[in-house]
Amino acid sequence: MEITKDWNGIDQVVLRNPHGASVKVSLHGGQVTSWRNEHGEELLFTSSKASFKPPKAIRGGIPVCFPQFGNCASLEQHGFAKNKIWTVDENPPPLHPNDSHGKSFVDLLLKSTEEELKCWPYSFEFRLRVSLGADGGLSLISRIRNINGKPFSFSFAYHTYLLVSDISEVRIEGLETLDYLDNLCQKERFTEQGDAVTFESEVDRVYLRCPNVIAVLDHERKRTYMIRKEGLPDVVVWNPWAKKSKSMADFGDEEYKQMLCVDGAAMEKPITLKPGEEWTGRLELSLVPSSFCIEHFEIQRKSLRYRSNVQL
C-alpha cells in the first residue's frame, strides 16, 4: 500500500499485487478510481470530463452511494458519502482472516459530522475495506453501524462504472426472468423477458431480488466481468445512451459507448438498523475469459445464496 496525492492534492491510496495489477482509491468519496489488470489495462470507466475537485462527485470508478441511491429524498442525488473526504482507518474492527490473507488492502472511515447531521440527523460509522487479491480481483466491504439513539433506514449502492469495448456488443447474464423497476417509466414494474440484457437505447433499471453472481460479457474483448455480491439484493443497470450523454456536463457525448454501470445495491427495501446494529455489504469483481465464464457461471450462481448481513 502506498499513499500519494492526485493532481488536486487529495490523498489517494495505491494498492498493488505481485503480478502487476493495481487499484487506486481516492479519499475523496472513498472512491475506487482505477482498477488495472496485470497487463496494465484499465477496467473501470472514468469520463474524460470528470471533475476531481470536492465536493463534486467523480464521474466514474466506483462511487459509494449512501445513505440513498437515486434522487428520492431531501438529500443530494446518491447521498453524501461520495462527496466527503474519508480518512484511513488505522485500527478497524477485525474482519474474517480470508478478507486479509494474500491481499493488499486499505481500510477507510467516514463518520457523521455536524454538517451531515443537519441534512440527515443520524449518527453512524461507515467502514470501507478495499482489497486487491493476488489473482487481480477487486473487493469492497462496507460496514455501517448505527451509533445513534434511534433506528435509521438507508439505501445503498456500489455505483460501478465498467469499461467496455462497445456497449452494443455487451450482454448481462443472471438477470433473466427477474422483475425490475424501470426509471424511464416512472418506476413501473416489468419482468425481464430476454435470456440476457442487451443494449440498443438508454437503460435505467433496478432489478429486484437478484442472484449473488452476475456476469457482464464483453464479446469484442472476449472477456467477462464476474460480479459477486452479499447483502445487496438488487442490481442497478444504467447506460445513458446518446441523448442523455449530451445533457451531462461531466460526461462526453460519445462516452456511453465505452461504459456500463452494473451496481450491487439495496434499493427496493431500505436497510433499517437499530441502535448498535451493523450492516455489511460486499462486492467482488473479477475478470475471466468469456469461455471460462460460460462453463462455470451456472455452477457459481447455484453455489452462492443471499444471506442477511445485519448483526448486533
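The legends below describe close-up views of a predicted model.

**View 1. Four strands form an open antiparallel sheet.**
The strands of this sheet follow the order 1-2-3-4, and their pairing is antiparallel. Strand 1 (2-5) and strand 4 (31-36) are the edge strands; each has a single partner strand, so one side of each is left without a neighbour in the sheet. From one strand to the next, the twist averages 25 degrees. Strand 1 is joined to strand 2 (residues 11-16) by four bridges, and the two run antiparallel. Across this pairing, Lys 5 stands opposite Asp 11 in strand 2.

**View 2. Strand 20 pairs with strand 9 and with strand 17.**
Strand 20 spans residues 278-289 and is mostly covered, with nine of its 12 residues buried. Its pairing with strand 9 (residues 138-146) is antiparallel and has eight bridges. Within that pairing, Leu 283 of strand 20 stands opposite Leu 140. Eight bridges also join strand 20 to strand 17 (residues 223-230), again in the antiparallel sense. Here Pro 289 in strand 20 is the bridge partner of Arg 223.

**View 3. Strand 19 pairs with strand 10, strand 11 and strand 18.**
Strand 19 covers residues 259-273 and shares five bridges with strand 10 (residues 152-158), in the antiparallel sense. Ile 271 in strand 19 is the bridge partner of Phe 154. Strand 11 (residues 161-163) pairs with strand 19 over three bridges, also antiparallel. The bridge partner of Leu 163 in strand 19 is Met 259. Strand 18 (residues 234-239) runs antiparallel to strand 19 and is joined to it by five bridges. In this pairing, Val 235 has Gly 264 of strand 19 as its bridge partner.

**View 4. The largest nonpolar core has 70 residues.**
The residues with the most contacts inside this core are Phe 126, Val 130, Phe 154, Phe 156, Ile 172, Leu 175 and Phe 199. Strand 19 supplies the largest share of the core, seven residues. A second, separate core has eight residues, among them Ala 157, Val 206, Leu 208 and Ala 265.

**View 5. Surroundings of Phe 154 in strand 10.**
Phe 154 is buried, with a relative accessible area of 1%. Leaving aside residues up to four places away in sequence, Phe 154 touches Phe 66, Pro 67, Trp 120, Ile 144, Pro 270, Ile 271, Leu 273 and Trp 279. One of these contacts, Ile 271, is also the bridge partner of Phe 154 in strand 19.

**View 6. Aromatic pairs and a cluster of rings.**
The structure holds 24 aromatic pairs. In one of them, the ring centres of Phe 66 and Phe 154 are 5.2 Å apart and the planes lie at 70 degrees, so the pair is edge-to-face. This pair links distant parts of the chain: Phe 66 lies in the loop between strand 5 (64-65) and strand 6 (87-88), Phe 154 lies in strand 10, and the two are 88 residues apart. Phe 66 counts as buried, at 0% relative accessibility. Phe 156 and Tyr 158 also form an edge-to-face pair, with 4.9 Å from centre to centre and 85 degrees between the planes. Phe 156 is buried at a relative accessible area of 0%, and Tyr 158 is buried with a relative accessible area of 0%. One aromatic cluster is formed by Phe 66, Phe 80, Trp 86, Trp 120, Tyr 122, Phe 124, Phe 126, Phe 152, Phe 154, Phe 156, Tyr 158 and Trp 279.

**View 7. Arg 129 lies over the face of Phe 105.**
The distance from Arg 129 to the ring centre of Phe 105 is 3.9 Å.

**View 8. Asp 195 is found in the loop between strand 14 and strand 15.**
The flanking strands are strand 14 (188-191) and strand 15 (203-207). At 61% relative accessibility, Asp 195 is exposed, because the cut-off for that class is over 50%. Asp 195 touches Arg 171 and Glu 176, not counting residues up to four places away in sequence. From C-alpha to C-alpha, Asp 195 and Asn 212 are 17 Å apart in space, and they are 17 residues apart in sequence.

Methods. Residues numbered from 1 in each chain as written. Predicted model: local features only at pLDDT ≥ 70, side-chain atom pairs only at ≥ 80, totals over all residues. Heavy atoms only, no water. Pairing = 2+ DSSP bridges. Axes fitted to C-alpha atoms, helices over the stretch in contact; angles between N-to-C directions. Buried < 20%, exposed > 50% of the residue type's maximum accessible area, 1.4 Å probe, protein only. Core = buried A, V, L, I, M, F, W, Y, C linked by side-chain atoms within 4.5 Å. Contact = heavy atoms within 4.5 Å. Phe/Tyr/Trp six-rings, centres within 6.5 Å; stacked < 30°, edge-to-face > 60°. Lys NZ or Arg CZ within 6 Å of the ring centre and 35° of its normal.
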